[in-house]
Amino acid sequence: MTYVIQILQLLCMNMILAASLNVINGYCGLFSIGHAGFFAVGAYAAAAASKLWMPEFAAAQPALALIAVVLIGACAAGLAGLLVGIPCLRLTGDYLAIATVGFGEIIRILLLNIEAVGASRGFPGIVLLTGAWFPIWVVVFTGLSLFFIHRMMRSSTGRAILSIREDEIAARAMGINVRFYKTFAFVVGAFFAGLSGGLFAHFSQFLHPSNFTFMISVMVLLMIVVGGMGSQMGAVIGAVVVTLLPEILRFNETLSSIRMLIFGLIMIVVVLWQPQGLMGLYRKLIPERSKARRA
Amino acid sequence: MSLPLLDVDNLTIRFGGLVAVNKVCLKIEKGELVGLIGPNGAGKTTCFNMLTGVYEPTEGRICLEGRDINGLEPHDICAKGVSRTFQNIRLFKSMTVLENLLVSLHRERGYTLFESILGLARFGRREREMRTKAMDILKVLGLDHRADYVASSLPYGEQRKVEIARALAATPKLLLLDEPAAGMNPSETAQLAAYIQKIRKDFDITVLLIEHDMSLVMKICERIYVLDYGQLIAQGRPEEIKKDPRVIEAYLGGSVGGTHA
């Protein structure tokens, strides 16, 4: 039972990660693969907040402290997104992808060298705030994050972000401040990645820079590709598949040892035959559920 | 003496050693329907790109209602009242026709992000108003039955119309049409001519259009500017332009007053 609850919490954090990367890659069409960096910034900032800056408050008011530190983590990551976004969003396509990979690695190497957060020894002793209630908080934060992104994409702001993906030049000519909305989408994506990181820090109670390698960014990318880029439901489904698959494979020793191979295979199959992901497959099979019509 | 809507003076742009547009002056009064013609590579679209802020002119001045708009970002120029269509259609392909128009209305949404996330009353009301406004434009253009269709799924001619509708949704004072008849057959072009005149009347706007199709330009434009190799070689009413020897030379080449007359 504990095992199942642990996995479900990880699943929730992955859902936030996938949904947040989907804002950047899926909705705004920016190719970013440095999401582990924002995840790391959020995790370390939240952990530092609860352990180093306000341990008394965390002991006295665990629920309020949890909300505070998770938001601190999210804001720190959002700020990182702003600082990275302003120079990097002049780049497009592959060049942006390379710059974001670089960012992710810089963060990891910085964390390996900052003594205050344990450097290469890792950052232990993060208190599991709210104890047994923690999984409930994880679910609440996940629900709120998904709700926020969902509502945002149904507003004019969401349409502005989508229009940039569709045709940047036309979007500018129609009065959309492209530079602003690219940065905005990037910051929103980073914010929620950081929020997920804050939850992760208190969930695992120990952080190490090796938790935030490039492979994490690739896993999150895999989630949104499998689920279907540019679809919130797709991101959630992708997170479910990519989180639960290794757990299911764990019961078979051979399959478990080659699980990265299986992931690679899934990625290839999806990209070749179903580039729209599982949501695309769903729309193809049940077209009448979609409101938009085709001539 | 009222100011002209658009006053372009001495507009010049150089790309390295190439002078793409050289000392072009345009004056467009409110309510006019003006054509900008010229052979391929004459610099017509480059002119549009400068008017809409995509390129910054090397020299010259662009004034809209007496205010200098030179050097503004494209989205700011759109806000000042200039909107455009593109030579090769640039719709937001996977969005619906209505959503395409709603993007243009973004500037006048009148609610904040937090109001939309909390679903407050003003968000709902403004969204309904924006949809009504977009639907009204689609109705005038006879596209309302296509509102919920994915833009890229429409036939070519309708995609062109949607692009015009999207430009109109930005409530422009000046509408720039870049080769609206490109890829259309003669009967479609004739329809388009009536269409453009209707738009100008119904939306009370000024239109500047680039066109290759002479029948369209001669039929609907009140005044025509002719560009060749980046320079203005003639301007005037359609019948004057038709007879202008420099225009005939630019289009047909060869000696002026040859056997083709």
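Let us start inside chain A, at helix α7: the buried residues of α7(A) are covered by elements that include α1 (2-27), α6 (134-153), α8 (168-173) and α9 (178-204) of chain A, together with α3 and α4 of chain B. As you follow along, please keep in mind that this is a predicted model. Helix α7 of chain A spans residues 156-166, and 11 of its 11 residues are buried, so the helix is largely enclosed by the rest of the structure. Reading along α7(A), the buried residues include A:Ser156, A:Thr157 and A:Gly158. Charged side chains appear in that list too, namely A:Arg159, A:Arg165 and A:Glu166.

Now step back to chain A as a whole. Its secondary structure consists of 14 helices and 0 strands. The radius of gyration of chain A is 19 Å, close to the 19 Å given by the globule rule for 295 residues, so chain A is as compact as a globular protein of that length. Along the principal axes, the C-alpha atoms of chain A fill a box of roughly 60 × 50 × 30 Å. Of the 295 residues in chain A, 52% are buried. If you take the contacts in chain A between residues at least 6 apart in sequence, 80% of them join residues at least 24 apart.

A good place to look at such a neighbourhood is A:Gly234, which sits in helix α11 (residues 232-249) of chain A. Is A:Gly234 buried or exposed? A:Gly234 is buried, because 28 other C-beta atoms lie within 10 Å, and 20 or more are enough to count as buried. Leaving aside residues up to four places away in sequence, A:Gly234 touches A:Ile224, A:Gly227, A:Gly228, A:Gly277, A:Leu278 and A:Met279. You can also pair A:Gly234 with A:Asn22: the two are 212 residues apart in sequence, yet their C-alpha atoms are 9.1 Å apart in space.

Chain B brings strands into the picture, with 10 helices and 10 strands. For chain B the radius of gyration is 20 Å, close to the 18 Å that the globule rule gives for 261 residues, so chain B is as compact as a globular protein of that length. The C-alpha trace of chain B spans about 70 × 40 × 40 Å along its principal axes. Buried residues account for 42% of the 261 residues of chain B. Among contacts in chain B with a separation of 6 or more, 65% are between residues 24 or more positions apart.

Where do the two chains meet? The contact takes 26 residues from chain A and 34 residues from chain B. On the side of chain B that touches chain A, the elements giving two or more residues are α2 (74-80), β6 (82-84), α3 (97-104) and α4 (113-118) of chain B. That side of chain B has 16 nonpolar, 10 polar and 8 charged residues.

Finally, have a look at a helix pair within chain B. The axes of α5 (residues 121-140) and α6 (residues 156-169) of chain B come within 10 Å and cross at roughly 135°. That angle makes α5(B) oblique to α6(B), and α5(B) passes α6(B) in a right-handed crossing. Here B:Ala134, B:Ile137 and B:Leu138 in α5(B) meet B:Ala165, B:Leu168 and B:Ala169 in α6(B). By class, the residues of this contact are 6 nonpolar, no polar and no charged.

Methods
Residues are numbered from 1 along each chain as its sequence is written. Chains are lettered from A and ligands numbered from 1 in the order in which they are written. Helices (H or I, at least four residues) and strands (E, at least two) are DSSP runs, numbered from the N terminus. The radius of gyration is taken over C-alpha atoms; the globule rule is 2.2 Å times the number of residues to the power 0.38. A residue is buried if 20 or more other C-beta atoms lie within 10 Å of its own, exposed if 12 or fewer, and partly exposed in between; C-beta atoms are placed from the backbone. Two residues are in contact if their C-beta atoms, placed from the backbone, lie within 7 Å. Axes are lines fitted to C-alpha atoms, for helices over the stretch in contact, and angles run from 0 to 180 degrees between N-to-C directions. Angles under 35 degrees count as roughly parallel, over 145 as roughly antiparallel, 65 to 115 as roughly perpendicular and the rest as oblique. A crossing is left-handed if the near helix is turned anticlockwise from the far one by less than a right angle, and right-handed if clockwise.
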